[in-house]
Structure formats: C-alpha cells, structure tokens
Amino acid sequence: MKKRIAVFTNGWNDDYLDFALEGIRRRASEDNVDVFIFLDYTSYDKTKEDMAGELNILNLPKLEDFDGVLLLGNTLNNGGENAILREKILKAKVPSLCLEYSLDDINCIRTENVNGMKELVEHLITVHDVKDIFWISGPTDNEESNERYQAIVDVMEKHGLSVDPEKTFDGCWSYAIVEEKLPKIVEGMSKLPDVFICANDSMALAACVALDNMGISVPQDVKVTGFDNLMSGNHFSPILTSVDRGWEKRSYQATDSLIGLMNGAPDFGDKVYHSTFDLGESCGCSMGAEGLKIQKEARTRAFRTPVERTIFDWHLIDIDNAVAGVKTTDDIHKGFTGLMDKSHVYEGDDFYICLDKQFVDSTEKEVEARTEGYSDEIDVIYGMKDGVTVPRHTISVSDMVPYYDPDSDETAVYLFVPLHLEDESFGYYVSKNHSKMIKDFYVNSLTRHIASGLGRARQNIKLDKLNKLLADISVRDELTGLYNRMGYEKIAIPYLDELRHTKQNCVIMVADINRMKVINDKYGHLQGDTAIKIVASVIKSSIPKNWKAVRYGGDEYVIIGDYTVSADMEDIKKAIIEKVKRISDDLSLPYNLSVSIGYVVIDPDNDLENEEYFRMADDAMYEMKQEAHKQDR
C-alpha cells in the first residue's frame, strides 16, 4: 500500500500555495506518495461561527492513518490551527514537519524573517534616502511579524535613525482590514511617511490600492513594500518591492525531509534558510526590460481574469439553480447530475460532494447538523469519477475519498474543503489532481456556493414536508386518521374518477356503526369516540393499502377502491364485521359494538354518476342496519 501525507494549509495565501503545493507534488511523485490537502479559509475578519465551520475540516482526518503530516505553518495562525494540529500530531505520534513556522517538538524547515528584511531596509535607506517609516504589521503577538519589525529597527539604528513606535498599525495579515482602515489613518497624518513597510504582500497591495483611491501615488508620493514575493505583487503596477522566501524550493525540501522521517531518518529539529530582498518598482526603482515583460504579462492577466471570473460566476449561478427547487435529497443528486453532466470544467473529472449523515438527517428530521467532527457515515450526494457521474452512495468517514485506490502507481493529490454555513457542518468537498482551483480563490467561491445551495435545499425539503403535513392535516380526521369530508372531495372522489376514467372496476363501500346514539346517550361520548376509533382501525387493517377510507360523518364511513378478482367484497365485508366483534369482546366493552356495511361494484361501462352509486351502496348498508335493529328488539 502506498504512503500518504496529510498537508494542512489556509487557502487565502493562494499565490504562495500555487508554488508550495507544486513543490510538494513534485517531491511526492518521486516516491509515489499520495498527498491529502486539508484546506480552510479562516481569517481575522470572519465571525466566530464561520471560523468554527472552517476549522472543522481539521477533524476529518485521523492523523494516525497517515505516514506523515506537513503543516504550512505560516498560513495556519488565523484560527489557531497550528496549536490545534500540534496537539493532534503529538497524540498520533506520526512523523511531522512544519514549514515556515516553528512549533515545539515538531521538525521545522523555515526561511528566517530577518536577512531579506534587512536587505530591503538597507536598500530603502542607501538608495532612496528613507528616514521616516510607517509599519503595517501582522497580529501583534505573531512571532514572524515581530521579527520582521525588529529587523527594521536594527537597520534603522545602524544608520543612526529611529523608528517611531506610534507609527504602526496592526493589519492582521488582511487585505480587507488594511484597505478599510488605512485611509482614516492617513487622513490623520500631518504628512506622509517616506514608506509604508508591510509585513506581507497582501497588506502591501491593499495599501497601494487604498492610497491610490485617495489620490496618493506609489512610489511618487510614498513608497510601499511587502514581504513574501507573491505573484500578485509581481503582476501589480507598480511591481511590488518585497522579500522572497523561495516557496517552491522550500516546500520541495520540506517534503523531502518529511519522507526521510517517514523512512526512519532521525528528527532534525529546526532548519533555517535565508530570505532575500526582491527588487520591485513600488520603492521607486525601475526594473527596465524585465519590468516591461512582467507588466505585459500583467496586462494580459488583467484582461483575462475578469472575463474568466464572469464565466465562472455563471457557473456558480447554475449551481444555485441546480438545487433551488428540490423536494428530496435525491433531487439534490439529480440537480447536480443535470448540471455537471453539461459542464464540470471548474470541478475537474474527479470530485465528490460528501455530506455528513447528521446533516442529511436534518433535512428530514428535527435534528441539528453537527458543529464539531463528522458522523461515522458520509453520504456522497454527488460525485464524478473519470468525468462520469457516479451513483449516490455512502462511505465510512475513515475512507474520506470515494473510490480511493491505495495501490495506484501514480501519485494523487486530493484537496479537501469544508462545506458549512456558519458553524453548521454540512460535510466536505474533495477533488483529485485539481488543486489549481485554489488559485484566485475559485475553490472557496465554489464550495461556498455549494454549501449555501445545500442550505437552501434543506429549507426547501423541510418546507415541502411541512406543506405536505399541513395539507394532510387538512384532509385527515383528527380522531381516526382516516380522510375527512375535505379528503373525500379532494382525494377519494378524484381517485374514483381516475379509476372510472381508466375503465377499471371499482367499488364504493359504506359502513355505519349500529345504535351509535344509544352508545353515546347511555355510555357517554368518550365511549362513543372509542367505538368510532375501533371501527376506523379495523377498516384500515382490512382493506388494500391503495384504497381510500373516509370518515364521512359522525359514525359513517366510506371506502373507495379498485375492484379486482382477488378483492372478494363479501370476504372484506365479513372480515370487518368479525374483527369489530372480536375486538369488542376482547375489550369487554359495556355495549355490543357492531357495524352495518353495504357496497356496490361499479361497472366500467356504466355511465351512472358517482352520487348514484353512493346512494346504492348507502341503501345496501341501510338494509343491513334495519336487519340488525330488528334482531336487537
């Protein structure tokens, strides 16, 4: 059986992941190791409930079932993932390695935060005469962010300059937070600093956009720098000055070291590589011909991206519509089948929408979906294997991947993304060899729409069930559970009309409790209700299931059904009469409970009205009742 590595990462770092996952895949393929990527989208600007829904994906894999665990640790701080996973790893005692973040008792390969930042600040001071900086940090308690800041302080002091501790802002690694809050900070400044130095590229790009919206040009009016050297920074205008960490090279090295640990190599502790300064234009430099080439690529991408995104948005709308009007969970499968059979370019040829059993139950029963962990059973509500829709089926949660082949001679890369609304876990989405969907957050948009569609589908199923219940209540007699007069008009008579329209033999039977008035007057209405319920129960148990039984009046019943050779009406009539007597005797009722029954078989070639047949059945019942009353005298 081939070996398997579990990789954990946050999806917001899509540029970084594009390189890092490629390095992991290349090294894993050399030893035919399968890679299972567990992806969350936690961020500091999300609600507590949404964070919990994202973090639940960490509960899906049993780490002891894997041969090794790789954490892309620099991405796993938004929701405390590193701490959660460290505890799970140490408990499972599985070979492990953390990339770009140091965790106690776990091997680490990382790029230090100091060398590249010092080179960057040296460049700003010596080439651009920078003296006044403003620091946009990561979370104030984040070690990496603090190390980068200290590097700035050290270089400034080396040149006889100081850093004003008031000129700083906690951007929490977030593009959205910086874009929203930086304008107010700038408005409160008496003058612009020489440079905004940002702890990562995402915040640097947000700063450039926010400043541009304020009419402040970068780098003409103020310089901006980042850290990470993301592809988006290279495609930005101006090209972002940053610090490079060699993502693909480091991830390849990390995977190589992890495979070594899996094969018995000793723990090595902490391996540190130097970060390096990466020149761009946002500091005021020109990149010449190389810059022109990069900007040409960026212009092409600037055109393609919104076009591609618009087409993708149409696909998301199709996903919404695919499950918009469902009434059952099987309809969800049918809806996705109709959509994906037409187009699944974004999902790839191997992917599965896997629903937690408790979520599926919540569509039919009064139970809540899980908020932590997963049920033992997973409902594969929809999936494709090799581009072909597979039947809906269930798997064990420990299997995780439908149709997984542990003996394949090709490395497979599986991507797992949680499906949830707020903290309610619906299940997860898994795709094979299609991790490029992480780029530009396509997979986040895709899974969010699938989850919201599933949430609406559940509402629709529950609403349909409630409507059916209300409709059933309106046509049901509360005391007996048989149809009432409305049910007679809306269900029994249309059923009779359909039988007659299709030229089937059918029957109308009328039953009535003998001496009901005596029972009510002498023994009370509670005993009368008991008599009515007994007879109703006997009727239901004595007639074919597809027949319609109605409590037509107080103690009068009407039964309508198709009449076949096997349906001997005299036998049914006799069975009802005898069952009523037997139950009456068994219960030692204080009165003699009996029924009179009449019926008429309708000839399909006869065109008499239903009311006439009803009268004939009622007359037959009345004749029997007259005889019963004579015998009681």
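Here are some notes for a first walk through this structure, which is a predicted model.

1. Start with the inside. The largest nonpolar core has 61 residues, and the members that touch the most others are Leu70, Leu72, Ile332, Phe336, Ile353, Ile450 and Leu454. Helix α13 is the top contributor to this core, giving eight residues. A second core of 49 residues lies apart from it, with Val475, Ala531, Ile543 and Ala549 among its members.

2. Ile332 is a handy residue to click on if you want to see the packing of the largest core. Which residues does Ile332 touch, once those up to four places away in sequence are set aside? The list is Val323, Val326, Ile381, Leu454, Ala457 and Ile461. Leu454 also turns up among the core members with the most contacts to other members.

3. Now follow α13 out to the surface. This helix covers residues 442-475, and Ile473 sits in it. Is Ile473 buried or exposed? It counts as exposed because its relative accessibility is 51%, the cut-off for that label being over 50%. Ile473 belongs to a nonpolar surface patch together with Leu463, Leu466, Leu469 and Leu470, and the five share about 460 Å² of accessible area.

4. Next, the aromatics. The model has 27 aromatic pairs. One of them is Phe8 with Phe38, a stacked pair with 5.2 Å from centre to centre and 25° between the planes. The two rings come from distant parts of the chain, 30 residues apart: Phe8 is in strand β1 (residues 4-10) and Phe38 is in strand β2 (residues 34-40). Both Phe8 and Phe38 are buried.

5. That pair is part of a wider group. Phe8 and Phe38 join Phe36, Phe66, Tyr374, Tyr404, Tyr414, Phe416 and Tyr428 in one aromatic cluster. Switching on these side chains together is a quick way to see the cluster.

6. On to charges. Across the whole structure there are 34 salt bridges. What joins Glu248 to Arg26? Their side chains meet in a salt bridge, at 3.1 Å from N to O. This links helix α9 (residues 247-262), which holds Glu248, to helix α1 (residues 14-30), which holds Arg26, across 222 residues of chain. Both ends are partly exposed, Glu248 with a relative accessible area of 26% and Arg26 at 31% relative accessibility.

7. A second bridge connects these two helices. Arg27 and Asp256 meet through their side chains at 2.7 Å, N to O. Arg27 is in helix α1 and Asp256 in helix α9, so this pair ties together parts 229 residues apart in sequence. Arg27 counts as buried at 8% relative accessibility, whereas Asp256 counts as partly exposed at 35%.

8. Loops can be joined by charges too, as Asp228 and Arg245 show. Their closest N and O atoms are 3.4 Å apart in a salt bridge. Asp228 lies in the loop between β9 and α8, and Arg245 in the loop between β10 and α9, so the pair ties together parts that are 17 residues apart in sequence. Both residues are buried. Through shared partners, salt bridges join Asp228 and Arg245 with Glu100, Glu144 and Arg148 into one network.

9. Gly138 is worth a stop. You will find Gly138 in the loop between β6 (133-137) and α5 (143-158). Gly138 counts as buried because its relative accessible area is 0%. Its C-alpha atom is 5.9 Å from that of Ala199, although the two are 61 residues apart along the chain. Leaving out neighbours within four places in sequence, Gly138 contacts Ser145, Asp170, Cys172, Trp173, Ala199 and Met203.

10. Finally, some backbone details to check. Where are the cis peptide bonds in these notes? One runs from Val218 to Pro219, with omega near 5°, and Pro219 is in the loop between α7 (201-213) and β9 (223-225). Another runs from Ser237 to Pro238, also with omega near 5°, and Pro238 is in the loop between α8 (231-234) and β10 (242-244).

11. Two residues other than glycine have a positive phi here. Lys93 has phi near 55° and lies in the loop between α3 (81-92) and β4 (96-99). Asn433 has phi near 50° and lies in the loop between β18 (424-432) and α13. Lys93 counts as exposed at 73% relative accessibility, while Asn433 is partly exposed, with a relative accessible area of 46%.

Note on methods: Residues numbered from 1 in each chain as written. Predicted model: local features only at pLDDT ≥ 70, side-chain atom pairs only at ≥ 80, totals over all residues. Heavy atoms only, no water. Patch = residues over 30% accessible without salt bridge, like charges linked within 9 Å, V, L, I, M, F, W, Y side chains within 5 Å. Areas by Shrake-Rupley, 256 points an atom, 1.4 Å probe, with all protein chains shown as cover. Salt bridge = Lys/Arg side-chain N within 4 Å of Asp/Glu carboxyl O. Helix = DSSP H or I, 4+ residues; strand = E, 2+ residues; numbered from the N terminus. Buried < 20%, exposed > 50% of the residue type's maximum accessible area, 1.4 Å probe, protein only. Core = buried A, V, L, I, M, F, W, Y, C linked by side-chain atoms within 4.5 Å. Contact = heavy atoms within 4.5 Å. Phe/Tyr/Trp six-rings, centres within 6.5 Å; stacked < 30°, edge-to-face > 60°.
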